Amino acid sequence: MKDIQVVIITGMSGAGKTVATRIFEDLGYFCIDNLPPTLLPKFIDLIEDSDSEKLNKLALVMDLRGRTFFDSLFASLDAFSKSEKVRPKILFLDAKDDALVHRYKETRRSHPLSPKSRPIDGIRAERKKLEEVKGLAQYYINTTDMKPRELRDRIVQEFASETETFRVNLLSFGFKYGLPIDADLVFDVRFLPNPYYVKHMRERTGLDTDISEYVLKWSETKQFLKKLMDLLQFMIPQYKREGKGQLVIAIGCTGGKHRSVALTEWIAKKLSGDFPTNVSHRDIERGK
């Protein structure tokens, strides 16, 4: 049986559960909104039987939208009281009444417990119903004066390791097939000597040692990489500090098979000592 991290996100309507869910998704959690608590044990059983190692961190939103279902939360939590593999943690999000009223007026939404009356009536009724679960919560965040960025920082501080908070994705591509739509930074290396014009290298790729050595041996390549690494080592920490969850750096040549591949692999090795990195080569198989 694999270890499973389960975070139950609950609290006052309007206190930031939707924002919190997006933050947990960025941290690699599998998120479900408005899961009836009665289904929690069965859902955990399905996850345990799954072969996917990616489904070992769950963030589940449970609140009073479930009405009568919410009353079964305590029984569901009790089912895991003796488990050594699954220990659900409760994150309770709260805010002052006046802040919640203001947020409801901004969104022009009705409170789920008072759809036909004043929001404050629903807020007071909800606060009373949530007193017990609030007392069980291991984590409590009051979002009254928080901006989304501040809420993210707090959740990251509580629930993420350093390696989970930021990732660099490096992508090689060919300009002839179009720009990657998800790239944050794009660098054009079509000015470098091209192995495509060396007959015995044409059908090989930048993953082959001889191609990589050919691309990297030129003085302009070495100068470019030196300047690029200086730039990236300055910029990447700034993106991380700003709260970005990942950065996509795309390196492009003409066909995405030789120069961009070799340089992407080289850059990834240099960055991997400081940041978690992923490498992909979008167009390396094209043209075969």
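This is a tour of one protein chain, with stops to select in the viewer.

The model is predicted: local features need pLDDT of at least 70, side-chain atom pairs count only at pLDDT 80 or more, and totals for chains, interfaces and linings use all residues. Residues are numbered from 1 along each chain as its sequence is written, and side-chain values use heavy atoms, with hydrogens and water left out.

**Whole chain**

Start with the protein chain, which has 10 helices and 9 strands. These are DSSP runs numbered from the N terminus, helices being H or I with at least four residues and strands being E with at least two. Of the 288 residues, 45% are buried; buried means under 20% relative accessible area, exposed over 50% and partly exposed in between, with a 1.4 Å probe and protein chains only. Among contacts with a separation of 6 or more, 79% are between residues 24 or more positions apart; a contact means heavy atoms within 4.5 Å.

**The five-strand sheet**

Select E1 to E5. They form an open sheet of 5 strands in the order E2-E3-E1-E4-E5, with parallel pairing. Two strands count as paired if DSSP finds at least two bridges between them. E2 and E5 (139–142) each have a single partner strand and stand at the edges, so one side of each lacks a neighbour in the sheet. Direction ignored, neighbouring strands here are turned by 20° against each other on average. Such angles use axes that are lines fitted to C-alpha atoms, for helices over the stretch in contact, and run from 0 to 180 degrees between N-to-C directions.

Zoom in on E1 (residues 5–11) and E4 (residues 89–94), a parallel pair with 5 bridges. Thr10 has Phe92 of E4 as its bridge partner. Helix H7 (residues 148–159) packs on this sheet and touches E1, E4 and E5, its direction making about 170° with that of E5. Now add H2, which lies across E1, E2 and E3 (57–61) and runs at about 155° to E3.

Go next to Asn34, in the loop between E2 (30–32) and H2 (40–49). Asn34 is not a glycine, yet has a positive phi of about 60°. Most residues other than glycine have a negative phi. With a relative accessible area of 32%, Asn34 is partly exposed.

A further positive phi, about 60°, is found at Arg108, just after H4. In H4 itself (residues 97–107), select the buried residues Ala99, Leu100, Val101 and Tyr104. Helix H5 (119–129) is included in what covers them.

**The four-strand sheet**

Move to E6 to E9, an open sheet of 4 strands in the order E7-E8-E6-E9, with parallel pairing. Its edges are E7 (185–188) and E9 (277–281), each with a single partner strand, so one side of each has no neighbour in the sheet. The average turn between neighbouring strands is 15°, direction ignored.

E6 (residues 167–174) and E8 (residues 246–253) run parallel and are joined by 8 bridges. One residue to label is Ser172, whose bridge partner in E8 is Ile251. H10 packs on the sheet, touching E6, E8 and E9, and its direction makes about 170° with that of E6. H9 lies across E6, E7 and E8 and runs at about 175° to E7.

**Helices H8, H9 and H10**

Show H9 (residues 219–241) with H10: their axes come within 11 Å and cross at roughly 45°. H9 is therefore oblique to H10; angles under 35 degrees count as roughly parallel, over 145 as roughly antiparallel, 65 to 115 as roughly perpendicular and the rest as oblique. The contact is made by Thr221, Phe224, Leu225, Leu228, Met229, Leu232 and Ile236 of H9 and by Leu263, Trp266, Ile267, Lys270 and Leu271 of H10.

Then swap H9 for H8 (residues 209–216), which packs against H10 (residues 259–271) at about 85°, with the axes 9 Å apart. H8 and H10 are therefore roughly perpendicular. Ser212, Val215 and Leu216 of H8 meet Arg259, Ala262, Leu263 and Trp266 of H10.

**Two last residues**

Select Ser219, in helix H9. Ser219 is exposed, with a relative accessible area of 54%. Its C-alpha is 9.8 Å from that of Leu192, 27 residues apart in sequence.

Finish at Lys257, in the loop between E8 and H10. Lys257 counts as buried, at 10% relative accessibility. Leaving aside neighbours within four places in sequence, Lys257 is in contact with Arg202, Glu203, Arg204, Thr205, Gly206 and Ile284.
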